[in-house]
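Please take me round this structure in the viewer. Tell me what to select at each stop and what is there.

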Amino acid sequence: MFEKLRAKILSGGRLTRKEAVRLFETDDIFGLGRLAAEVARKKNGKKVFFIVNRHINPTNICVNRCKFCAFSRSKGEEGAYELTLYEMLSRLDTGMKPERGSSRASRAVSGHASPIPHHGFSEVHIVGGLHPDWPFGFYLNLIATIRKRYPKLNIKAFTAVEIDYFSRISGLSIKDVLIQLHNAGLQIMPGGGAEIFAEGVRNQVCPEKIPGLRWLEIMKIAHAVGIKTNATMLYGHVETYEDRVDHLLKLRDLQDKTGGFQAFIPLAYHPKNTEIGGHYSSGIDDLKTIAVSRLVLDNFDHIKAYWIMLGEKVSQVALLFGADDIDGTIVEEKITHSAGGLTQGVMTRDDLIALIRKAGKVPVERDGLYKELWRG
Ligand code: V47
Ligand code: SF4
């Protein structure tokens, strides 16, 4: 099967719905991985990207309460939290101080010092719950304040689900919400909230969430106003392979029109403390999903193996199955860890470099817009 598909793909042909489903069904994990790795190599050579970033989740209070989400709380419920602007800024201030001993640690990994000394985060990643009381102005002020304090920091914030919510609470159109945020300093939107676009699945796992078509429409507008975005797919819960392929094809179609997606990130479902329960995905399913994504999304430059969800070891192996990005230092992660995340949640810049090198790849530190900052 792979010889025929290989010839088709390498001559610019695109996978059909049926072919993509058959790839998910295959037991030939090595054949699949080899083909995806070949495609990844054509796009990015031996490069694997990482970023020194920091996540901030302003609040876990959310009016949606998706059934797979162990992070969210209702207002007043035990464990609910709200960060103040001051608390969010102090999280960034800590990380923007020069990394103590970073060049010594780099030497330990690479045998020579990193050519650039490291002075802080390149990107902040901000996502949170849909808070019942915070006005849109709070979010706008958050972005504007960060931009003023850190003029060079890339700001990646707010999923399409949050943007839809801001539009509803402010009475502004999606386009106006996005323009105001963009003018305040938002450059990139994360890919969350996509889950699985198929209506039946969405109704089962996140009935309060915006429909898949609305998510796609908001991303289309974001791309039109000059905001780059990512895309995700939450897999391993109740969806079928057909649902996954449908999801990927919808993303491929939109990317054909806008070219505004930077990276695709398959998110492995974590079942602990969630309403729908179930099981962790298998390592084989994780690798298959990375590989099939690489092959279907021929118009995406990057496929990210998000180490927080895949674990350090599976994400490292995923670099041989079509992934070319491993995300970043992250520092503090709440969404996966609320649902039974199995990683420690902390990887230093040097850990990421070592992990990539040991997969036989070339580590490349990037900023939020994939500008290369350092190559190992
Ligand atoms: O949209 C929620 C997912 C997403 C669970 O764009 C869960 O660079 C697994 O989108 N098990 C948010 N996943 C995270 C996200 C993301 C992460 C890293 C990088 C980027 C990027 C985006 O987390 C949500 C939802 O799909 N999620 N609960 C769970 N139990
Ligand atoms: Fe709220 Fe997002 Fe969790 Fe859904 S996934 S409950 S929208 S925080």
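## Helices first, then the ligand

Start with α8 and α10, two helices that are oblique to each other. The model is predicted.

**Stop 1: α8 and α10.** Select residues 174-184 for helix α8 and residues 212-224 for helix α10. Their axes lie 10 Å apart. The packing angle is about 45 degrees. Angles under 35 degrees count as roughly parallel and 65 to 115 as roughly perpendicular, so this pair is oblique. Now check the hand: α8 and α10 make a right-handed crossing.

**Stop 2: α10 and α11.** Keep α10 selected and add helix α11, residues 241-258. The two axes come within 11 Å. They cross at roughly 20 degrees. α10 is therefore roughly parallel to α11. The crossing of α10 and α11 is right-handed.

**Stop 3: α2 and α11.** Drop α10, keep α11 and select residues 17-25, which form helix α2. Here the axes of α2 and α11 come within 9 Å. The crossing angle is roughly 130 degrees. That makes α2 oblique to α11. α2 also passes α11 in a right-handed crossing.

**Stop 4: ligand 2.** Clear the helices and select ligand 2. Where does ligand 2 sit? Ligand 2 occupies the largest cavity.

Next, show the residues that surround ligand 2. Select Cys62, Asn64, Arg65, Cys66, Phe68, Cys69, Phe71 and Ser72, then add Lys209. Together they surround ligand 2.

Now colour this shell by residue type. How does the shell around ligand 2 divide? Five of its residues are nonpolar, two are polar and two are charged. Arg65 and Lys209 are the charged ones. Asn64 and Ser72 are the polar ones. The nonpolar group includes Cys62, Cys66 and Cys69, along with Phe68 and Phe71.

Notes: Residues numbered from 1 in each chain as written. Chains lettered and ligands numbered in written order. Predicted model: local features only at pLDDT ≥ 70, side-chain atom pairs only at ≥ 80, totals over all residues. Heavy atoms only, no water. Near = heavy atom within 4 Å. 1 Å grid on protein atoms, 1.4 Å probe; cavity = no way out; pocket = protein on both sides within 12 Å on 5 of 7 lines; lining within 4 Å. Sits in = over half its atoms within 2 Å of the grid points. Axes fitted to C-alpha atoms, helices over the stretch in contact; angles between N-to-C directions. Helix = DSSP H or I, 4+ residues; strand = E, 2+ residues; numbered from the N terminus. Parallel < 35°, antiparallel > 145°, perpendicular 65-115°, else oblique. Left-handed = near helix turned anticlockwise from the far one by under 90°.
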